[in-house]
Amino acid sequence: METSSSPSSSSSSSSSFAITSTHTTYTSTSSGGGGGVHIPVEIVSEEEMAFIEAALASTRPFLASSACPSSSSRFALFSSLTSILPCSSVPPTSPGPRSFATSSDIEDTVPPTSPGSRSFATSSGIEDIVPPRSSLLDQFRSKRGLSVTDFTSTEWCEKQMEFLLHWGKPKRTEAMKAGSDRHSQLEKEVSEKIELHIKTIEDSWAIRLMNFIVGTNHLLFEGITRELPVVGVIEGVWMVGVIDEIRISRDGGAGLPLLVDTKTRLKATVPSAAQKRNGRLQLMCYKFLWDNLVTNTFPTEHFFRRFELNRQYTLTGDIKKYIDSFGLDLKTLDDVLSHFRYTSSLLSQSDEQLLLRYELQSDQSLLEEYYFPYDSNWLKTQINRGLEFWLGHREASFVSEDEKWKCQFCDFVSDCPISVNSSRDRTRSK
């Protein structure tokens, strides 16, 4: 599910967001007074996490959600499931650094070997890469790191990703919106929305870390969680993501967490090899981030420095009340991060098998369940190739000859050199 929100240009330091209907529509009322503005907001995946810092640069309003209490929970900590949603009311006046997925979950409209030994540069004892000032990473992701969506979009077509960064996203189609609605429906099976007032970037990170804490505990007690935020370092670069779904089987066996992503299709057709490859990359990135969190020491000092956070920031207002509701005595952002690290230490690595689910958009019937193994060597190759593009080590590449069919779904096809040259070649041959 893929969408994005635009940062508000309001000067108010905080805003109140209240749910007005069950159709992901909210009313925004500025703390400085004025009438309510209806804002269409849709559930998103890893993109929502990557967009937080950009939105906070203007107003810092966000909405969080919490799950219905579980009757089987023994502690308040396990009683709900939370996820943060960025909201805004005024679009930017000019194209800026935006993150949006070209390899969306609507696989047939705008698409998005064996396990080897791990040789990644992980988050333990490592400084992140300082990108050249002319690089896309420095221009568009310097304050918030890359998202998993950034990598999958880059793998789909680097030139398209370059266009998106400089020109902004095209209009979302009805099919794409329907895909987002399906993910929203899935999330509502385990959660309901509440209202929180978030004023600072420290508040947003506190909620993000609490989302992980509460979501993983819900996973341990209920065997499932959805929209779980993860963060970590891959090859020296910070990356954020939101895992669509994690399951733990209660039917015996190893009981390892299984990472799942559900994608919708307009037609009852089998996904192409390129679409499945892109989906594999997405889930392998999630697995790497998850496994790194639960098996390595989180680089606390590096984290606070990289995201320019005040670790002693005192949590107040709605954020403090929300955390207190779980019976946790956490007073600062540093306290929340410490509990986040403790929670991570209790978890196990995820299953080596990963699952892509494909549904027919019209009736949500299952088209295919595609299990595949994690391959760390293949993932490392893909990540390093993507970083060459983001760090400015080479120009953006075009799609291969056998995947030029992707151009049929690209809004930038009329401006793309490969398409323009192809058209000229066809004209000369006539």
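How many aromatic pairs does the count come to? In this predicted model, the count comes to 19 aromatic pairs. One of them is formed by W167 and F412, whose ring centres are 5.9 Å apart. Their planes stand at 65°, and planes over 60 degrees apart count as edge-to-face, so the W167 and F412 pair is edge-to-face. The two residues come from distant parts of the chain, 245 residues apart. W167 belongs to helix α4, while F412 sits in the loop between α11 and α12. Their surroundings can be described by relative accessibility. W167 has 44% and counts as partly exposed, whereas F412 has 7% and counts as buried.

Another pair is made by F212 and W290, with ring centres 6.2 Å apart. Here the planes are at 50°, so this pair is tilted. F212 lies in helix α6, residues 201–222, and W290 lies in helix α7, residues 273–295. The pair therefore ties together parts that are 78 residues apart in sequence. Are F212 and W290 buried or exposed? Both of these residues are buried. They also belong to one aromatic cluster, whose members include W205, W238, F298 and F340. The phenylalanines F303, F304 and F307 are among the members of that cluster too.

Aromatic rings also have charged residues over their faces in this model. K159 lies over the face of F163, at 5.7 Å from the ring centre. K276 is placed over the face of Y370, at 4.4 Å from the ring centre.

The cluster member W238 leads to the strands, where it stands opposite V233. W238 is in strand β9, which covers residues 237–247 and is joined to strand β8 by 10 bridges. β8 and β9 run antiparallel and form a hairpin with two residues between them. In the turn of this hairpin, E235 has a positive phi of about 50°. Further along the pairing, P229 has V242 in β9 as its bridge partner.

Why is β8 described as largely enclosed by the rest of the structure? Strand β8 spans residues 224–234, and 10 of its 11 residues are buried, so the rest of the structure largely encloses it. For β9, 10 of the 11 residues are buried, so this strand is also largely enclosed by the rest of the structure.

Strand β9 has further bridges. Two bridges join it to strand β6, residues 146–147, and these strands run parallel. Within that pairing, S147 has V240 of β9 as its bridge partner. Three bridges join β9 to strand β10, residues 258–265, and here the strands run antiparallel. I246 is matched with L259 in β10.

Next comes helix α3, made of residues 148–156. Nine of its nine residues are buried, and the helix is mostly covered. Its buried residues include V148, F151 and W156, as well as D150 and E155.

Another hairpin is found later in the chain. Strand β11, residues 353–360, pairs with strand β12, residues 366–373, over seven bridges in the antiparallel sense. L354 has F372 in β12 as its bridge partner. Five residues lie between β11 and β12 in this hairpin, and Q364 in the turn has a positive phi of about 60°.

The last topic is empty space inside the model. Rolling a probe the size of a water molecule over the atoms shows where such space is left. The largest cavity holds about 130 Å³ of space. It is lined by 14 residues, and those closest to its centre are C157, Q160, C407, C410 and C416. Which elements give two or more residues to this lining? They are α4, residues 158–167, and α12, residues 417–429. Helix α4 gives the most, with three residues. Sorted by class, the lining has 10 nonpolar, two polar and two charged residues. Helix α4 thus appears in two parts of this account: it contributes to the cavity lining, and it holds W167 of the edge-to-face pair.

Definitions and conventions: Residues numbered from 1 in each chain as written. Predicted model: local features only at pLDDT ≥ 70, side-chain atom pairs only at ≥ 80, totals over all residues. Heavy atoms only, no water. 1 Å grid on protein atoms, 1.4 Å probe; cavity = no way out; pocket = protein on both sides within 12 Å on 5 of 7 lines; lining within 4 Å. Points joined across faces, edges and corners; volume = space filled by probe spheres on them. Helix = DSSP H or I, 4+ residues; strand = E, 2+ residues; numbered from the N terminus. Nonpolar A, V, L, I, M, F, W, Y, C, P; charged D, E, K, R; others polar. Buried < 20%, exposed > 50% of the residue type's maximum accessible area, 1.4 Å probe, protein only. Pairing = 2+ DSSP bridges. Phe/Tyr/Trp six-rings, centres within 6.5 Å; stacked < 30°, edge-to-face > 60°. Lys NZ or Arg CZ within 6 Å of the ring centre and 35° of its normal.
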